[in-house]
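These are my notebook entries on a structure I looked through. I record each item in the order in which I looked it up.

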Number of protein chains: 2
Amino acid sequence: MKKIPVLEIFGPTVQGEGMVIGQKTMFVRVGGCDYRCAWCDSSFTWDGSQRATLLTAEEILQKLEEKGKDTFCHVTISGGNPALYSQLEALITLLKEKGMKTAVETQGSIWQEWMMMIDDVTISPKPPSSNMTTDWKKLDLYIQRLTERSQRRVSLKVVIFDKHDLRYAKKVHARYPHVPLFLQTGNDETKQDDTEWLLSHLLRKYEWLVEQVMQSKELRNVKVLPQLHTLLWGNKQGV
Amino acid sequence: MKKIPVLEIFGPTVQGEGMVIGQKTMFVRVGGCDYRCAWCDSSFTWDGSQRATLLTAEEILQKLEEKGKDTFCHVTISGGNPALYSQLEALITLLKEKGMKTAVETQGSIWQEWMMMIDDVTISPKPPSSNMTTDWKKLDLYIQRLTERSQRRVSLKVVIFDKHDLRYAKKVHARYPHVPLFLQTGNDETKQDDTEWLLSHLLRKYEWLVEQVMQSKELRNVKVLPQLHTLLWGNKQGV
Ligand code: SF4
Ligand code: SF4
């Protein structure tokens with residue numbers, strides 16, 4: 001069985017962003033990404049600064065249970081881009097057998113069949129400030145497959161740094177009007193370790209984003225959120 | 001037609017809490033409450049300090065459109081306790097005709113048939129720190145009716161000030177395990193106008209709540225959230 005490159009397993013903690021914001025969850029963070037976003041807040045998953053450990057699905061489950069004991073029923077698989085790994089299917093199947101709910105976030109660049117089993121999928125196409133380019137045709141298919149599922153949920157999330165990103169978000173919303181859209185404050189200070197300063201900086205950015213969205217007639221049915229974990233713990237990893 | 005006592009109409013702004021946190025929405029706040037929670041953060045709706053204006057459903061819709069123009073498609077009816085007023089049915093019917101989504105929050109003490117039409121209903125039974133007593137039988141019926149609906153959502157929200165409230169939340173979760181449960185930081189400083197101080201105070205309280213819930217094996221499938229509007233704007237009314 002192919003192993004999975006894991007960078008960190010932690011929790012239980014709160015999901016700090018997006019469609020399951022606030023949810024008590026364990027995190028499995030896998031290494032590697034096919035993107036190189038300018039402002040990536042988890043570049044340690046792909047820039048070589050930290051080493052992944054190769055683990056089987058059973059080993060991951062065991063570590064989750066060691067850390068989370070009997071306090072959790074929700075697991076978030078994050079990255080990097082988890083969609084790089086078809087072998088995550090084994091983990092997701094195991095988690096389902098244990099009655100766990102699952103969530104995943106991916107930019108929507110690579111499809112995996114196991115996406116169909118995930119309870120809450122967040123697709124986060126990357127706006128211009130990331131320096132990445134969106135393959136809209138691929139994204140169309142991705143979203144089509146995921147919206148076909150019943151009982152399970154899908155949402156779009158766009159991180160916003162500037163007015164160009166806002167324009168991009170409007171395009172996303174117009175193209176997929178029936179998919180819940182989450183707009184999120186971008187963190188442009190991922191190396192900042194003055195947590196106090198970062199907090200007020202990020203809240204000001206959140207307030208700016210709220211103002212922009214409130215005036216917009218294109219962005220009507222949207223949710224605007226900060227990252228709760230960054231407000232609480234700054235740029236600290238593993239919380 | 002019976003008029004509705006309205007205290008404020010404002011927005012668009014973000015919903016700061018609960019199941020639709022982050023949602024761009026207009027607010028209609030009605031006056032009056034059958035409860036007197038010790039820490040009520042909207043006591044101006046019932047303590048006589050502010051006067052309500054009696055408005056028809058059409059007048060409310062007109063004011064919403066004046067303020068929100070064509071930038072909104074979601075309306076939150078808050079209070080006080082909106083469930084005091086059967087005449088809200090006319091407003092909700094109007095909003096539905098306009099294609100608006102609706103949300104309401106109530107403590108679950110009084111039933112209204114129009115609850116069946118609301119897209120997102122938050123039931124917020126009050127914990128011991130409020131000095132109110134929960135009528136569990138009534139709450140059972142309330143939740144039963146609301147969970148029978150398809151396509152529409154219901155959640156429970158408990159505001160937490162201390163360990164007694166946490167115990168109460170566990171009881172709520174055990175009684176209604178299939179209803180999504182939101183735990184929210186209590187604001188014990190609703191008269192505080194030092195926004196900076198309030199922010200760090202409330203974040204510390206949120207962190208405490210997160211810690212407590214993460215350790216708990218009874219509170220597994222829950223969401224833990226702060227109040228976003230209070231983090232942004234302190235105790236300011238009408239934002
Ligand atoms: S897609 Fe995500 S993990 Fe990959 S570089 Fe962009 S922000 Fe980082
Ligand atoms: S039920 Fe709500 S509005 Fe009524 S007193 Fe309690 S907190 Fe205030």
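**Entry 1: a loop residue in both chains.** I began with B:Lys69, which sits in the loop between helix H1 (57-68) and S4 of chain B. The model is predicted, and I read every value below as computed from it. Phi of B:Lys69 is near 45°, a positive value in a residue other than glycine. I noted this because most residues other than glycine have a negative phi. At 59% relative accessibility, B:Lys69 counts as exposed, since the threshold for that class is over 50%.

I then turned to chain A. There, A:Lys69 lies in the loop between helix H1 (57-68) and strand S4 (74-78). A:Lys69 also has a positive phi, about 45°, although it is not a glycine. The relative accessible area of A:Lys69 is 58%, and the residue is exposed.

**Entry 2: cis peptide bonds in chain B.** My next search was for peptide bonds that depart from the usual form, as most peptide bonds are trans. I found a cis bond from B:Gly11 to B:Pro12, with omega near -5°. I placed B:Pro12 in strand S1 (residues 4-14) of chain B. A cis peptide bond also joins B:Gly79 and B:Gly80, with omega about 5°. B:Gly80 belongs to the loop between strand S4 (74-78) and helix H2 (88-97) of chain B.

**Entry 3: the ligand shells.** B:Gly80 came up again when I listed the surroundings of ligand 2. The other residues around ligand 2 are B:Cys33, B:Tyr35, B:Arg36, B:Cys37, B:Cys40, B:Ser42, B:Trp46, B:Gln107 and B:Lys126. By class, I recorded 5 nonpolar, 3 polar and 2 charged residues in the shell of ligand 2.

For ligand 1 I listed A:Cys33, A:Tyr35, A:Arg36, A:Cys37, A:Cys40, A:Ser42, A:Trp46, A:Gly80, A:Gln107 and A:Lys126. The shell of ligand 1 divides into 5 nonpolar, 3 polar and 2 charged residues.

**Entry 4: chain A as a whole.** I counted 6 helices and 9 strands in the secondary structure of chain A. The radius of gyration of chain A is 17 Å, close to the 18 Å that the globule rule gives for 239 residues, so chain A is as compact as a globular protein of that length. Along the principal axes, its C-alpha atoms fill a box of roughly 50 × 45 × 30 Å.

I also noted that 60% of the 239 residues of chain A count as buried. The accessible surface of chain A is about 10200 Å², and 49% of that belongs to carbon and sulfur atoms. Among contacts in chain A with a separation of 6 or more, 73% come from residues 24 or more positions apart.

**Entry 5: two pairs distant in sequence.** I looked up A:Pro5 in strand S1 (residues 4-14) of chain A. With a relative accessible area of 14%, A:Pro5 is buried. Its C-alpha lies 9.9 Å from that of A:Pro82, and the two are 77 residues apart in sequence. Not counting residues up to four places away in sequence, A:Pro5 touches A:Val30, A:Gly31, A:Ala52, A:Thr53, A:Leu54 and A:Tyr85.

I then examined A:Thr122 in strand S6 (residues 120-123) of chain A. A:Thr122 is buried, at a relative accessible area of 7%. A:Thr122 and A:Val20 are 102 residues apart in sequence, with 9.3 Å between their C-alpha atoms. Leaving aside neighbours within four places in sequence, I found A:Thr122 in contact with A:Met19, A:Val104, A:Glu105, A:Thr106, A:Ser155 and A:Lys157.

**Entry 6: a histidine in a helix.** I located A:His201 in helix H5 (residues 195-215) of chain A. A:His201 counts as buried at 13% relative accessibility, because the limit for burial is under 20%. Beyond its neighbours within four places in sequence, A:His201 is in contact with A:Asp188 and A:Glu189.

**Entry 7: how the copies are related.** What rotation superposes chain A on chain B? I recorded a rotation of 180° with 0.0 Å of shift along its axis, at an RMSD of 0.0 Å. The two copies are thus related as by a two-fold rotation axis. In chain A, the C-alpha nearest the axis is that of A:Ile21, 4.3 Å from it. I closed with the interface: 100% of the interface residues of chain A are also interface residues in chain B, so the copies meet through the same surface.

Conventions
Residues are numbered from 1 along each chain as its sequence is written. Chains are lettered from A and ligands numbered from 1 in the order in which they are written. This is a predicted model: local features need pLDDT of at least 70, side-chain atom pairs count only at pLDDT 80 or more; totals for chains, interfaces and linings use all residues. Side-chain values use heavy atoms; hydrogens and water are left out. A residue is near a molecule or strand if one of its heavy atoms lies within 4 Å of it. Ala, Val, Leu, Ile, Met, Phe, Trp, Tyr, Cys and Pro count as nonpolar, Asp, Glu, Lys and Arg as charged, and the others, Gly among them, as polar. Helices (H or I, at least four residues) and strands (E, at least two) are DSSP runs, numbered from the N terminus. The radius of gyration is taken over C-alpha atoms; the globule rule is 2.2 Å times the number of residues to the power 0.38. Buried means under 20% relative accessible area, exposed over 50%, partly exposed in between (1.4 Å probe, protein chains only). Contact means heavy atoms within 4.5 Å. Accessible areas come from the Shrake-Rupley method with a 1.4 Å probe; for residues, only the protein chains shown count as cover. Copies are superposed by least squares on the C-alpha atoms of residues with pLDDT of at least 70 in both.
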